[in-house]
Amino acid sequence: MTRTIRSHEQHVPTWFGSSELHAYVDRFCRYMLQCGYSKETFHKYRNAVAHFARWMTDCDIGLSGLDDVVVDRFLRQHLPVCHCGPLRQRSLYTVRAALKVLLRFLRAEGVVGPANSTDPPAVAEELRSFALYQEHVCGLTQATRDVARHRIRAFLLDCFGSRAIRIDTLTHTDVMRFLTRYTANCTPRSRSVICRSVRGYLRFKALTVPYAETLRERLPRFALWRLASIPKSLSVAETEAILMSCKGNDPISRRDYAILRCLHDLGLRTIEVARLQLDDFDWKAGTVSIRGKGHRVDTMPLPAPTGQAIISYLRHGRPRDAGRALFFRHHPPLWSPATVFIVRATVRYAAKRAGLADRVGGPHIFRHTLAHRLVQRRASLKAIADLLRHRSLTSTRIYAKVDLPALSTVALPWPERRL
């Protein structure tokens with residue numbers, strides 16, 4: 001790797017010149033190589049950063065003043081009218097990606113501070129206060145707080161913009177106008193969840209502004225019939241087709257197959273797969289600890305096919321000494337722990353390869369499929385609830401409808417047509 005870095009150093013553009021970034025060129029090149037970027041991408045990103053370094057020097061901007069605002073200024077104001085020379089990158093997408101990598105590197109080095117919030121000060125402070133309330137008063141998890149923060153941020157920006165947050169100046173019409181626009185393309189269930197987030201924020205504001213309780217009480221409630229539909233599930237042939245689409249000897253195939261086995265054999269939620277750690281497995285006892293909703297930790301038996309798939313990934317696919325997370329990213333930037341987006345993408349691409357893209361909307365269908373098969377084997381709802389780790393049988397009773405042959409034996413005959 002050192003020889004490769006030296007060969008690249010000989011061709012570093014002179015655009016770095018007297019820029020303060022010049023002192024970090026070597027380490028930045030090494031960082032990109034360690035992240036696994038291809039040779040072509042390496043050259044593009046290095047030239048884009050060199051271009052940015054020259055622009056910073058021309059504008060007399062030092063590293064102490066480098067932040068996301070400066071990068072945005074370069075992308076929006078300079079790049080469209082740039083005539084700096086043939087080495088400049090013309091693709092806005094490439095330059096933005098390169099500077100994103102640069103900021104991530106400089107922040108890891110402690111040279112540049114954390115990303116600044118682009119929200120107005122009043123909105124940023126309100127979101128911080130609401131997050132503390134959710135964490136210390138409501139006891140909500142980080143994932144739940146992040147989702148609510150995204151929705152309430154949109155609500156505050158829509159209603160107040162850069163003005164001070166004055167709930168007592170809002171009207172019911174203002175709130176309904178936001179909800180109508182924000183949920184225009186959402187399903188009734190999504191509308192209900194979004195409305196619940198706004199209701200939770202108004203409950204928080206009612207602690208200091210009693211008028212917020214009036215707004216909260218007037219928010220609409222959506223009629224949801226949880227038992228109106230039958231959960232979608234996959235047949236045995238469809239499941240096997242999806243699993244076989246990931247059977248390969250390369251690291252990504254081994255990882256994806258292990259992820260699918262966790263979803264198929266254990267019925268895990270997407271976030272539960274992404275949270276798996278090496279320390280969660282007790283190989284001698286044959287169990288795995290699942291960190292699910294509400295800070296719960298449940299111990300479950302580890303099926304042999306699941307364990308074999310994970311062991312295959314650990315031995316022949318997972319990077320060594322990368323951390324305690326089980327699954328990792330295998331595309332640049334390499335060796336960062338897998339997220340829920342990687343789990344979803346794994347299912348989506350596997351279904352596409354199996355020709356089932358129209359049948360599989362996401363990882364949750366494996367959870368429904370597991371429950372469906374247990375019902376067909378005459379398992380009790382209590383046993384299904386324990387396996388899926390439901391807190392209440394109310395969440396499990398929807399699976400009582402999936403055994404159509406059994407339901408047909410108790411259905412009343414259709415009344416004959418009367419003339």
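Along S2, which side chains point to one face and are buried, and which point to the other and are not?

1. Basis. This is a predicted model, in which local features need pLDDT of at least 70, side-chain atom pairs count only at pLDDT 80 or more, and totals for chains, interfaces and linings use all residues. Residues are numbered from 1 along each chain as its sequence is written, and side-chain values use heavy atoms, with hydrogens and water left out.

2. The sheet. Three strands form an open sheet in the order S1-S2-S3, with antiparallel pairing. S1 (281-282) and S3 (297-301) are the edge strands; each has a single partner strand, so one side of each lacks a neighbour in the sheet. Strands are DSSP runs (E, at least two residues), and helices are runs of H or I, at least four residues, both numbered from the N terminus. Two strands pair if DSSP finds at least two bridges between them.

3. Strand S2. Val288 and Ile290 answer the first half of the opening question: they point to one face and are buried. Thr287, Ser289 and Arg291 point to the other face and are not buried. Buried means under 20% relative accessible area, exposed over 50%, and partly exposed in between (1.4 Å probe, protein chains only).

4. S2 with S3. Five bridges join S2 (residues 287-291) to S3. Ile290 has Asp298 as its bridge partner in S3. Thr287 has Pro301. The two strands form a hairpin with five residues between them, and Gly294 in the turn has a positive phi of about 60 degrees.

5. S1 with S2. Two bridges join these antiparallel strands. Asp282 stands opposite Thr287 in S2. Four residues lie between the strands of this hairpin, where Gly286 takes a positive phi near 70 degrees.

6. Helix H2. This helix covers residues 25-34, and its buried residues are Val25, Phe28, Cys29, Tyr31, Met32 and Leu33. Gly36 follows H2, with a positive phi near 90 degrees.

7. Cavities. On a 1 Å grid over the protein atoms alone, a cavity is a set of points where a 1.4 Å probe fits but cannot get out; lining residues have an atom within 4 Å of a point. Two cavities of 30 Å³ or more are counted. The largest has a volume of about 40 Å³. Its lining is Phe16, Leu21, Tyr24, Val25, Phe28, Val49 and Leu102. That lining divides into seven nonpolar residues, no polar and no charged. Val25 and Phe28 are in this lining and are also buried residues of H2.

Technical notes
On a 1 Å grid over the protein atoms alone, a cavity is a set of points where a 1.4 Å probe fits but cannot get out, and a pocket is an open set with protein on both sides within 12 Å along at least five of seven lines; lining residues have an atom within 4 Å of a point. Grid points are joined across faces, edges and corners, and a volume is the space filled by probe spheres set on the points. Ala, Val, Leu, Ile, Met, Phe, Trp, Tyr, Cys and Pro count as nonpolar, Asp, Glu, Lys and Arg as charged, and the others, Gly among them, as polar.
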